[in-house]
Amino acid sequence: MYRILVVEDSPIMRQLLSNLLGGAGYECILATTVASGLKSCAKNKPDLIMLDVNLPDGNGIDLCRTLKSDPAARHIPVLLLTGEAREVESRVNGFEAGAEDYVMKPFNAKELLSRLKSILHTSARPTGI
């Protein structure tokens, strides 16, 4: 089973993603801030990290950059998720920080799951193996 860490500050979005991922057979770990996301990543060793770009204590793009510079976490694929970065420059910054994909809110559930599956298929092995 793949383990996905979701770092999202919106309670509604966390619940939606938890239900969506759990229903698709993924183990979902939730965090609400940059700090709790870093701790959870170190503790839970996820197969993929889904980051909101705007978090209460920092920026998801900066967190992605931090994770990708950490030898213990750089191999973990990152998907950035935001409702505000409509400009190409923002998405480019996310990719330059090391993100594997960038999804805009609101998203289509089928498309999001398809993108996750594609990233996991090419980048990761399930934690349970």
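This is a short chat about how to read a few features of the structure above.

Biologist: Before we start, what kind of model is this, and how are the residues numbered?

Modeller: It's a predicted model, where local features need pLDDT of at least 70 and side-chain atom pairs count only at pLDDT 80 or more, while totals for chains, interfaces and linings use all residues. Residues are numbered from 1 along each chain as its sequence is written, and side-chain values use heavy atoms, with hydrogens and water left out.

Biologist: Okay, how many residues are in the largest nonpolar core?

Modeller: General idea: in soluble globular proteins, nonpolar side chains tend to be buried together. A nonpolar core here is a set of buried Ala, Val, Leu, Ile, Met, Phe, Trp, Tyr and Cys residues joined through side-chain atoms within 4.5 Å. Buried means under 20% relative accessible area, exposed means over 50%, and partly exposed is in between (1.4 Å probe, protein chains only). In this structure the largest core has 22 residues, and those with the most contacts inside it include Leu5, Cys41, Ile49 and Val78.

Biologist: Which helices and strands supply at least two residues of this core each?

Modeller: Helices (H or I, at least four residues) and strands (E, at least two) are DSSP runs, numbered from the N terminus. The suppliers are β1 (3-7), β2 (27-31), α2 (34-44), β3 (48-52), α3 (60-69), β6 (78-82) and β7 (101-104). α3 gives the most, with four residues. Another core, of 17 residues, lies apart from this one, and Leu20, Leu48, Met50 and Phe107 are among its members.

Biologist: What does Ile49 touch?

Modeller: Contact means heavy atoms within 4.5 Å. Not counting residues up to four places away in sequence, Ile49 touches Leu5, Val7, Cys41, Leu67, Ile76, Pro77, Val78 and Leu79.

Biologist: And charged-looking names like Glu8: is Glu8 buried or exposed?

Modeller: Glu8 is buried, because its relative accessible area is 2%. You'll find Glu8 in the loop between β1 and α1 (11-23). Leaving aside neighbours within four places in sequence, Glu8 is in contact with residues including Arg14, Asp52 and Lys105.

Biologist: Where does Asp52 lie, then?

Modeller: Asp52 is in strand β3, and it is buried too, at 5% relative accessible area. A polar contact is a pair of N or O atoms within 3.5 Å; within protein, one must be able to donate a hydrogen and the other to accept it, and residues adjacent in sequence count only if both atoms are side-chain atoms. The Asp52 side chain makes one with the side chain of Lys105 (3.4 Å).

Biologist: Why is there no bond between Cys41 and Cys64?

Modeller: A disulfide is a covalent bond between the sulfur atoms of two cysteines. The rule used here asks for a pair of cysteine sulfur atoms within 2.5 Å. The sulfur of Cys41 is 11 Å from its closest cysteine sulfur, in Cys64, so they are too far apart for a bond. Searching the whole structure gives zero disulfides. Cys64 is buried, at 0% relative accessible area.

Biologist: Last one: how many aromatic pairs are there?

Modeller: A pair of aromatic rings is described by the distance of the centres and the angle of the planes. Rings of Phe, Tyr and Trp (its six-membered ring) pair if their centres lie within 6.5 Å; planes under 30 degrees apart count as stacked, over 60 as edge-to-face and the rest as tilted. That rule gives two pairs. Tyr2 and Tyr26 have ring centres 6.4 Å apart and planes at 45°, so this pair is tilted. Phe95 and Tyr102 have centres 6.2 Å apart and planes at 55°, so that pair is tilted. Phe95 is partly exposed at 39%, whereas Tyr102 is buried at 6%.
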